[in-house]
Amino acid sequence: MKKYIAYLLILVSAFSCTNYLQEKQVTNLTQAYYNTEDGLESLIKGLYVYLRVKYEWDSNGAKLIDCETDNQSTSGAFNALGMATVAGYGSNVSTIAANVANFIGGANSSYAPMGAYPEINNCNIALEQIDNVHPGKFATASFANERKAEVLFLRSYAYYLITNQMGAVPLLLKANRSDNGIYYYPKVGMDTIYRQIIGDLRWAFNQLPPTQSDRGRITKWACGHLLAKLYLNRAQGATFANSTDPYLKMLYKGTVSTDLDSCIYYATQVINGNQGNSGTYKGLATDYWTLFNPAVSETSPSPEVLLAAQFDVNTSLNGRFGDRYCNYMIGDYTNQTGVTRCMAYGRPFGTYKPTDWAYDNFTDKVNDSRYYKTFQYEYISNMPTLSSSTSYTWDAKAAAWWNANKPAGAASAVVGQKRILFGQRALTYVENSPNTALDSLTVMSQPYQLMARWVKSATTGKLYYRLWIDGTGIGLNTTHAAPYLSIKKFIDPQRGGSTSETNYNSEAGTRDIILMRLAETYLIRAEAYGRKGDYADALADINTVRYRAAYKKGESRPEICALWEPQAKSLSPAELTPPYTVPVDETAPMMATEANFTPGTPQAAAENYVPSATTEAQMFIQFIYNEKVREFLGEGLSWEDQHNAGILYERVIYHNQEASPLSNKWPVAANTYNGNGQDGNGKGQYKECYTFRVWPQAYLNLLTDPKGNPLSAAALAAYQNPGY
Amino acid sequence: MQKLKCMKTRKEAHRGWSSQILSLKMMWTFLLLFVISLASAQSFLVKGIVKDNQGLGLPGVSVRIQGENKGTLTDENGAYSLIVPSNKAVLLFTFMGMEPQRITVNNQHIINVTMSESAVALNEVVAIGYGRVKKSDVTGALSQVTEKVLQSKPVTNVLQAMQGQVSGVDISSNIKPGTVPSITVRGNRSLTASNSPLYVVDGIPLTAGSIGDIDPNDIASVEILKDASSTAIYGSRGANGVILITTKKGKKGTVSISYDGTVSFDNYHSLTKWMNAGQYLEANRIALMNAGQYGTEKYTNLDTPVQMGYPSPTIDIQKFALANDYYSQQNVLKGYSWVNNVIGGTVIMRNTTPQEQAMGWPAQVPQYNDANVQSYDWRAAALRQGITQNHQISLSAGTDNAHLYMSAAFLNQLGVQKDQNFNRYNMSINGDVTPVKWLTVGMSSYAALSIQNLGELNNSSNTGSKDLYSRACDQVPYMVPKDSLGNYIKNPGGNINIYNPLLDIAQAINQNRTEAANVSSFADVRFTPWLRYHLNFGAQFRENRYGAWTGSGYSGYLAAAKTATYNYSQNFSYVMENLLYFDKTFNKIHTLGATLMQSVQQSRAESSSLNAGSQIYDASMWYNIQANTLSTPPSYGTGFSQSQLMSYMGRVNYALMDRYLITATGRWDGASVLASGHQWSFFPSVAAAWKMQEEPFLRHVDWIRELKLRVGYGITGNAAVSPYTSSGPLSSNPYVFGSTPAMGYLPQQVPNSKLGWEQTAETDLGVDFSIFNDRISGSVDVYNENTSKLLMTKSLPPVTGFVSELENIGATNNRGIEINLTTVNLRTRNFTWTTNISWSTNKEKIVSLLNGKQDMLANRWFIGQPLQVYYDYKYVGIWQNTPADLAEMAKFNANGAKFHPGMIRVADLNGDYKIDGNDQKILGTNRPKWTGGITNTFGYKGFELSFFVYAKIGQMYYGGFPTYPGATTNMPTYILKDAWSWSNPSGKFPIMNIAEDPSYNQPQYAQAMAYNKGSFVVVRNISIAYSIPAKILTKYNIKKFQVFGQVLNPFIFGGDLVKRGINPDDNTGWDTASGTGMPIGGMNNNTILQQSFVCGVRASF
């Protein structure tokens, strides 16, 4: 028996060793990992995730950057239907506050917290590790400096984005690695922050290589581009130093007299350095569409692209949301069109839609190729079974008109049968004006849905705004679904990770999204020249961009341009015949001149400037931003740019009818509905205080004074931006 | 004496218990006189045979001389012999599960006894933590569920059988085949961590296994340790109560083989009457007309009565979006009459009546008859006759030195929903041997294989339907599932967001396949009669494979087609315990017991997951995941976690004169998941009991069999910290450069080295009693438990770089009363009537949160309130078309509201004429005021009839607002009658109105009407069983043969809610809240009552 006891005692003691309770971090890494070379590299790679912030999720960055501008509105609660309402627009501060909360910093499921400040803190950790620990390759100064420059760029970019939204914010330059219960984070003025990030970027510019073997890593030129933009922003803000408008005055970021020259210097460095400022296209991609054509952009992106947020067809590399931007701008194209949701046309979230002004801002729809290269102007029916096709049917009136007027060889209409045939045009758009309204019977009698903005009754002469196929009104807060001419730049034929049609409902986009491209560098420099009064150099840069935008000899315009576009009247008969080939480069009519921003000229009138732009200098600024909207529609720049230029509020209320509180600024249609529809009045409640966003109350409530006590009511009020 | 007993029982047959007291008193008086008269004191031998009421000898019965430590056991045939000191000696015959017998010797030399099964087994031994004690010596709050109770319910897992049987234990109802219901003991105390109790099977804590793997037929008893004085012995895991499961062991005697089999026929009984196609169209047309959206009505605005219009085929096509589905369109158009019967051709008009013309209708309108629109019964198409079969065969054998029990079981559950089923196969073997006097070794083990098919949908998110039935309820009755060629229509009704659930039955699978094995072994070494060493070693293994698949024809509901998921997890744990038991009585009055324990435990889990899309062929399911057109799986991963627990425990029991009992325990737990330096915690407890019946002043009060007061206090923990949380882990954040993966590792949480267990301190006061010859017995407990150091995620301002931190903050309190009562209402030779009642009430409240006494509105946590409350707008009524109401509405509408007659009115609590967050208040909680169960059992000869009624009273139930026009789902018929309209201003529900703003799927503030009183009483089962008499059976060498039949859930009673067609018993989903505190939603719209008819056989050979 003693033997057994001895065995048992051995067993007992075997389990009694003190190591038994040690937790091995098997699936788990701790910050100690950053003391190794691999760990520090992985931290820096992780910092790049932040570059996706504006394009991943509409509850984070995506809603803050493009909608609520002159050119796009959010369709709010009605998103699937594309009907914007007051509630969905501007007045809804609490929705914006939720977005802002995520933008400052928020939990992110099983991923690291998202937002600016987690990014900034992680950058600070990386900087301290590089400076103090410098493991492995980081011991080599050149390597360490290059990585440090990347980190400084990313931290500066985070400060750039967060100051755009919030103005003065806490400036944190040291890593925080533990919690002590004290949350004293006073705001720091934008002048201090800009001084810091401009300094950081100037240092980084000198460390970064012109090219990186890793696509998407920060290069010297991306850094120079951002630097030029920051100088321009500070110069813009300096003009409001003594503004009587309290919101504009908040845009002040310091006064440095050389800022415009610094802007020109760094922009020139980028323009000359990136590809060399030579050749016909001066470093720009030759065809605007190739920047967005997934067949090109995903395999061999143009060198025009200075920095792109990286996503991959391997969706597991795309984080929690992936590139959701591919869904947001697509209106519903499936309603009785014989078109079913598919990979080629994208998933119609309909979250953001262009304003009427955004369509009209393409003042030259026949020579400026960007119009048809930006929008999905037509859809082809893809529902093969005639019996199950969702096409609407011929009624007697339409069939009679069509049979009488149809082109030779076209199929006859039979009452009761489907109008839209498989493989044929199903849906198309015409963005015309009351003066160029189409005949209502013609519009309603086509073998496809012809969505014209303005139609006119031949019998009554009444003007109608946006009619549905059954004659009911759509858009502007009517109750009917309102499909719209959608931006196609981001449509992703590999959503969900492959081209398989079974992914037709996937939200997970896989395409890289351009953050900075050389065309913008040109327009940044152009603005700096213009602000100095040097319109010649400014126009040279603008025209570099417009030269590329023009249709070139041998390109074909779409058929629907020839068929329905009012401006197509200016084209020659040959150009109006299939295959609609462009006979000569249309670069000449695209060249901008001082007339475009000279008060009183027809060119200036065509630009539809806001009322306050009365001088050439003011009109020049507005022209630059009109051009930016044409060039970058949907690319996520307009809110920030117009905000920093101090022109956002006025452009929104004059150009965006759904946001505007103004009355009688738009043409009136016969088909108003219960006080809605096109009655000439703005539908929104946009306010100037939206220049800067609201600080979320939940954020404010967590702050403390230096002793750890919650902030007093007065301190809270002082922290909050004005107007909220 | 035996004659007397017969006389006594005969008397009982004719009178109630009160008359029996009288007869007892007379008898005792008589006996007393008799004993005094024969006061001689000679010792002599008494012999006899103890039989059960079937006439078979009972082996192992304890025969003891009352008041002395002298006794014996009956042998295999039930025979015994014993030397008694005197005539006055009283023999006490006790046997587990039998009514004890006291017989005064009184000069008899042969005393034969017949024992009958007892309703209350006072002297039975019950399991406690790390040991077993006589039930009468228990000092803590403990409830037992016996084999008999477990067997009376045809269940697939043991928790279902326990529902309503034990006070203080709340077990939910869940209709998913193979899913273990959730259980809480004495309320919820933790806000973020688990509130589930610890399971201990044959002494080994169930860490890797699941209670659902155990065949309920293999369970001999279940003990629930409820108060901290009894659970503190489990230290850091004791706070949520401990459930001890003892499996069946071989019994000494001849080899016996038993067969238990049940077949259950299961059905869904819809409590709700659903609309047919005609009614659905009518409701929607009314709703459209009420908003001026249909077109044939005369509509001015929402404040003016609308003149109803007539149905029109062209408007129907537009408004019901019929253009996109040919078959729905044809079906709706059948409601109209068509020239030459060409549907969709030229519609036949009819002349309108003068009354109709007075309403503004034209001279002719389309002829319409909604009865011609065909209705498709989607729910019926999703359901079938469910059948559950359960078969078990077991063997029991035993000698003095060895015992063996073996069983094999098979469970097959064909779900009522066509896509759900469950299979389970169980094997178990238990045995022990005593090779030498001082040593016993044994092992018990079981293995289970289960396959659970959850069907096409495994949706646990807060939106969308949760299973096939609930998807079928969503379908509109005019839609049809198949086209004319017999092919399924993917999007019936043409709406791209409505997917055909029937199509998916064959196109989607969610399956769990689980293999589990549990082995525990022990060695028991008896050094001396008072010192014993016990070694326990247990190992558990459980692996689960979750496979999900969508076929090439899958509709696309919530997932893409052609996907495959393969998730695998493997859990292993072992426990080793060294125990030393000391038991000795000193000077006859001091009984001292001590238990010392040292244990180590390790839990290990690993997992892998693979998700792939674009699968090439359907038959591969998830078994050939590489057969896809993508080269890489879109997501994959593996996981691992391991934790260790090391413990020391000591317990001292002291009893003075078998009257005053004291138990004190202390446990030290060291856990690897806590940061070093903070790993060890101490959990003490102390309890005392006073067995008053042993006091001289009560000893001879014969009608009191037991009266015991108990008081206990203890501190327990809730081991809720997950491995690797205190170190501030990094998370993996993928990025990509070009197509080169760039995995970023970023800080996920801020490190917190001070993280520790949640702690519960509990005081329990109880009384156990058994009176009137056990006619009334039971227990009453009162308790108060304070839980502190609650794990909560504290939000950090994001400027810190982090957004949250896990900390020990917050406190909750639970207090309650529990009553268990068993009464023997009638007991005669042939007829018995017993009643079991369990009743409990618990009041749970939050004491403090993140910032002390400050509510956390975002989480819907309020100081002083239960852990779950409904916080929302308060329903006031329906806005009426009266001057007073119109004036009020105008004030709201001036602030941007859209109130009009017929809409829901909610309270404007702060009177600012704005309905916003400030007008929400606590409306109630889903925690019941009390719950109770009552089982009545009637026995007549071999027949036994019992019915069990379960009640849950005083809770609030969310989900009482019906589906309404505007949401594309079917609706209950009663809203046609009960909706407010201009002609029915007393309507209880709001106006049917497809609102201007289509983002409201339901009328504005509908949720305010969704909170209802959820009290209900359900007759859970009615059971009748017949045992064939032993006399007949013995001829065929059969020991026992019982047949039984049951009906499950025949009736439910409740308030308005039940009458309207909601089953508040089925609270699956409604009790969990989303991030904003709104309930997530029901599994199946909670409109059904699952009913079953069961028949079964139990036989022993």
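Which helix is included in what covers the buried residues of α15(A)? The legends below begin with that helix.

All views show a predicted model, in which local features need pLDDT of at least 70, side-chain atom pairs count only at pLDDT 80 or more, and totals for chains, interfaces and linings use all residues. Residues are numbered from 1 along each chain as its sequence is written, chains are lettered from A and ligands numbered from 1 in the order in which they are written, and side-chain values use heavy atoms, with hydrogens and water left out.

**View 1. The two faces of helix α15 of chain A.** Helix α15 spans residues 396-405 of chain A, and A:Ala398, A:Ala399, A:Trp401 and A:Trp402 are buried in it; helices (H or I, at least four residues) are DSSP runs, numbered from the N terminus, and buried means under 20% relative accessible area, exposed over 50%, and partly exposed in between, with a 1.4 Å probe and protein chains only. Seen down the axis of α15(A), the buried residues fall within an arc of 165 degrees, so they line one face of the helix; the arc is that of the directions from the helix axis to the C-beta atoms. The face turned away from this buried side carries the exposed residues A:Ala396, A:Lys397 and A:Ala404. What covers the buried residues of α15(A) includes α16 (440-444) of chain A, where contact means heavy atoms within 4.5 Å.

**View 2. The crossing of helices α6 and α8 of chain A.** The axes of α6 (residues 141-166) and α8 (residues 220-238) of chain A come within 11 Å and cross at roughly 35 degrees; these axes are lines fitted to C-alpha atoms over the stretch in contact, and angles run from 0 to 180 degrees between N-to-C directions. The crossing of α6(A) and α8(A) is left-handed, that is, the near helix is turned anticlockwise from the far one by less than a right angle. From α6(A), A:Phe153, A:Tyr157 and A:Tyr160 meet residues of α8(A), among them A:Leu226, A:Lys229 and A:Asn233. By class, this contact has 7 nonpolar, 1 polar and 1 charged residues.

**View 3. A buried salt bridge between A:Arg370 and A:Asp368.** The side chains of A:Arg370 and A:Asp368 meet at 3.0 Å, N to O, a salt bridge being a side-chain nitrogen of Lys or Arg within 4 Å of a carboxyl oxygen of Asp or Glu. A:Arg370 counts as buried at 0% relative accessibility, and A:Asp368 is likewise buried, with a relative accessible area of 2%. By this rule the count comes to 86 salt bridges over all chains.

**View 4. A salt bridge linking distant parts of chain B.** B:Arg471 forms a salt bridge with B:Asp504, the closest N and O atoms being 2.9 Å apart. B:Arg471 lies in helix α11 (residues 468-474) and B:Asp504 in helix α12 (residues 501-505) of chain B, 33 residues apart. B:Arg471 is buried with a relative accessible area of 2%, and B:Asp504 counts as buried at 0%.

**View 5. The surroundings of B:Glu356 in helix α9 of chain B.** B:Glu356 lies in α9, which covers residues 354-358 of chain B, and counts as buried at 15% relative accessibility. Not counting residues up to four places away in sequence, B:Glu356 touches B:Arg350 and B:Trp361.

Note on methods:
Nonpolar A, V, L, I, M, F, W, Y, C, P; charged D, E, K, R; others polar.
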